[in-house]
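Visitor: Could you walk me through how this one is packed?
Guide: Gladly, let's take a look together.

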Amino acid sequence: MLPVISSKAIGALRMIRPHIVAGGLLAFSLGALLAMLDKAAINPIRFVLGYLVISTADLSTHYSNDYFDSMANSRVKGEKTFGGSRILFERPELRPLARSIAIALMSLSIALASIFVLLCGAPSELLAIAICANLLGWCYSALPLRLSARGLGEIAIALGTGLLIPGTGYIITKGRFGPLFLLFAIPFTMYGFTLSLSLEVPDMEEDIAVGKNNIVVRRGRRFAFSLIGALSLLATVAFMAYANGTELTTIVDFRLVSTISCIPLAVGFLGFLRGPEMGDGVNRLSTAYIVALFLFNVFLNVYFIILLWA
């Protein structure tokens with residue numbers, strides 16, 4: 001009996017995507033650091049509690065998406081760096097476990113948010129964010145809404161990664177939203193949208209086969225790469241506009257932020273010029289863009305930490 005339990009546990013752990021967990025931690029930290037730059041004091045306990053709320057919500061999507069997309073993932077050919085997992089296709093006996101873990105993590109996320117609001121003095125917005133994040137994550141793949149099949153998947157990912165995750169870090173630290181976060185929320189949401197496109201691009205054929213209705217399916221990879229480049233440019237332009245038109249430049253040097261944003265812009269521009277429709281280059285380019293977003297988050301976190309230490 002023990003080897004069977006261990007095998008199931010290993011299978012369940014394989015559904016976790018460490019790179020997505022790392023990206024979520026970076027996005028959450030960005031929000032918390034922005035709040036500190038906006039004259040909020042860091043509280044390590046509140047930081048950990050807030051991250052527990054958003055990380056459990058994030059982890060639940062690893063299991064729910066694998067559960068509801070197991071048929072699509074069965075069609076995956078070869079290895080895709082950020083593509084769907086084939087675990088539940090190869091081991092269908094794990095499907096009930098995956099669903100149960102997803103529901104348990106969602107319940108834990110909302111329960112923790114409720115406890116922190118009622119007993120620990122966390123802002124009430126934390127509970128609203130937890131509910132929204134978990135609903136978006138579940139409804140992305142689950143019937144009857146199945147946002148990914150209704151042309152709303154990109155919006156769900158954009159709001160989740162660009163707004164809700166850093167927003168949780170900000171509000172758990174400062175207690176309320178401020179203008180500095182709202183400025184960053186616009187380009188962050190753009191990057192969340194480009195992230196969703198980059199994740200979808202390698203899986204176009206599989207998504208067509210199972211009836212998904214995302215932008216890549218409707219318009220093709222070439223259009224998706226062009227849109228990634230255009231949104232990356234708009235995000236950089238937004239940062240440049242902030243540098244020339246806001247008093248908050250005394251807190252953050254938006255010219256430097258604009259320079260850092262050139263990392264995803266460079267890869268996005270390459271996709272705009274040469275984005276392929278077929279072949280191995282599709283996965284390489286989408287992977288390069290996701291890595292560029294990751295580096296943008298890393299360098300922005302480092303810059304904010306340096307500002308706080310200065």
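Guide: Contact here means heavy atoms within 4.5 Å. This is a predicted model, in which local features need pLDDT of at least 70, side-chain atom pairs count only at pLDDT 80 or more, and totals for chains, interfaces and linings use all residues. Residues are numbered from 1 along each chain as its sequence is written, and side-chain values use heavy atoms, leaving out hydrogens and water.

Visitor: Which residues does Phe-304 touch, not counting residues up to four places away in sequence?
Guide: Setting aside residues up to four places away in sequence, Phe-304 has contacts that include Phe-184 and Val-252. Phe-304 also touches four leucines, named here to complete the set: Leu-30, Leu-33, Leu-34 and Leu-37.

Visitor: Which helix supplies the largest share of the largest nonpolar core?
Guide: A nonpolar core is a set of buried (under 20% relative accessible area, 1.4 Å probe, protein chains only) Ala, Val, Leu, Ile, Met, Phe, Trp, Tyr and Cys residues joined through side-chain atoms within 4.5 Å. The largest has 44 residues, and Phe-184 and Phe-304 are among those touching the most other members. Helices are DSSP runs (H or I, at least four residues), numbered from the N terminus. Several of them, including helix 2 (18–37) and helix 15 (280–309), each supply at least two residues of this core, but the largest share, ten residues, comes from helix 9.

Visitor: Which residues are included in the second, separate core?
Guide: This separate core has 19 residues. Its members include Leu-49, Ala-122, Ala-133 and Ile-165.

Methods. Buried < 20%, exposed > 50% of the residue type's maximum accessible area, 1.4 Å probe, protein only.
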